[in-house]
Amino acid sequence: MRLSFNVDNYENIFKEVDAFFAHPNAEACNEALGGLIESKSKGVVIKLYLEDFKSFNEMFGYQSGGLLLREIACFLCRLEHADVYRPAGVEFVVILNGLSRVAAFRAIDSIIARFEKSWSINGLDCMCSVNVGMAFCPGPAASPSELMDQLSYAVIESAKKGPNHYVVFEEELRHRLYRMNAIARMIPAAIENGRLELRYRPTFNTHRQIFTRADSYMRLISGEFGIIQQAEFIPIAEESGLIYMISQYAVNKACELIARLIRDGVEFETIAVPISPIQFQQERFLSDVKAALNTNNVPADKLGFEVSQSVALNAFPASRARMFELSEMGIEIIFTEFGTGYSGIVNIMHLPVDAVKLERMMTWQIDNDPKGSKFVGGLIQIAKNLEISVIAEGVETANQVAVLKEYGCDYQQGFYYSPTLTPGELEEALLRRDLEA
């Protein structure tokens, strides 16, 4: 349903606004966007996403939430030349017809300014934050769905700036969105054709003076973009629904490597794989893990799963239960991000954690902040008292090595010891017995 009014009295439009909210209509929004694209008319399209609206409903009640939505809709309808749509949920799309760029920026500034003030709902002053994406027409979008994708991407980018910001979808964002979509399309073929490369980061045991374990790191090899690091393509895979495919591929490859190392008589502790929270939510996850172990005939205690603490400590009960099931199978559970915003020591006590990874920024503190260095020592001692192993990431200097050894951190990983390695190179590293730290 479209809302387009130019009145001073909100009461005159409340009935139509209420009908508007009773039946959100993405189809009408798409038709309007299609007409705008086809006519090549001048204007601007704005998408607004209300932040934390679920929390607002829980705090003030759904009736107050509905009244807030109505107030916001009435405000948007009062913008000059505005057609307002609510395609879904707490999203609004506003088409400002015929506006120049200068007028469009004035309009977006007025929207942001309004959301920085409170809304009066049932006598209460309530704050509501918004993320805003904006696109000018005529533009590069050839269809309503493409234009909505562009607006959604701009909204995501605006959220990175914090509440009550906007981002305009222009040339730079267009290239980034193209790259993101291209990477999403190439992932399935990369897995099938072996262009999703697994490398391994070895971990040095300072007590035994040898490499004894490793964790996997993925790189996507693209003819168009070259080498794409996992920090870029993993979030894309999560957003596009491909993360389970990637993660299970990594589990299978790790099991193949474990089988190879055992067959070649290599002594090692575990080979670990990062696990996405999405995997824990899949009913088939446990059976797929068991299948990978059985197919390669490898013991479960040679496989490790790295889980982000920020995810694990806020996981659904079913996900936590799955961690215990994996642990009971013998799989090592490793929490990452230890020492950062989600240290969660108390929670760790109640989860099946075998090891924690000291985040590289904490390792960096050793060389740059005396107080931070003492904090690192305290974290390591706490973990040791809980009989949890500590793996220090990002070790790069001799001073870091010495201080970590003094604190009792026996497992260290980083460029001081080794870059990432191919499976063959990792086997050679695990076989070496002439290393010194």
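# A guided tour, from cysteines to helices

Select C128 to begin: this residue is buried, with a relative accessible area of 5%. The model you have open is predicted, so every stop on this tour describes computed geometry. With C128 still highlighted, add C126, which holds the closest cysteine sulfur; the two sulfurs are 9.2 Å apart, too far for a bond. Next select C77, which is also buried, at a relative accessible area of 1%, and then C74, whose sulfur is the closest cysteine sulfur to that of C77 but, at 6.3 Å, lies too far away for a bond. How many disulfides does the structure hold? The number is zero.

Move now to helix 3, residues 53-60, and colour F53, F56 and N57, which are buried. Looking down the axis of helix 3, you will find these buried residues within an arc of 100 degrees, so they line one face of the helix. Turn to the face pointing away from that buried side, and you meet the exposed residues K54, E58 and M59. To see what covers the buried residues of helix 3, show strand 1 (43-50), helix 4 (62-77) and strand 5 (124-126), which are included in that cover. Before leaving, select G61, which follows helix 3 and has a positive phi, near 100 degrees.

The next stop is a pair of helices, for which you should select residues 171-193, helix 7, together with residues 230-240, helix 8; their axes come within 9 Å and cross at roughly 75 degrees. That angle makes helix 7 roughly perpendicular to helix 8. Display side chains to follow the contact, to which helix 7 brings R179, M180, I183, A184 and I187, while helix 8 brings E232, F233, I236, A237, E239 and S240.

Finish at helix 11, residues 285-296, where the 12 residues, at 1.5 Å a residue, should span 16 Å, and where the end C-alpha atoms are 17 Å apart, in agreement with that expectation. Which residues of helix 11 are buried? They are F285, L286, V289, A292, L293 and N296. Seen down the axis of helix 11, they fall within an arc of 125 degrees, and therefore line one face of the helix. On the face turned away from the buried side of helix 11, select N294 and T295, which are exposed. Then bring up helix 9 (243-263), helix 10 (277-280), strand 12 (303-308) and helix 13 (317-329), against which the buried residues of helix 11 pack. The last selection is N297, which follows helix 11 and has a positive phi, near 55 degrees.

Definitions and conventions:
Residues numbered from 1 in each chain as written. Predicted model: local features only at pLDDT ≥ 70, side-chain atom pairs only at ≥ 80, totals over all residues. Heavy atoms only, no water. Helix = DSSP H or I, 4+ residues; strand = E, 2+ residues; numbered from the N terminus. Expected span 1.5 Å × (residues − 1). Buried < 20%, exposed > 50% of the residue type's maximum accessible area, 1.4 Å probe, protein only. Arc of directions from axis to C-beta. Contact = heavy atoms within 4.5 Å. Disulfide = S-S within 2.5 Å. Axes fitted to C-alpha atoms, helices over the stretch in contact; angles between N-to-C directions. Parallel < 35°, antiparallel > 145°, perpendicular 65-115°, else oblique.
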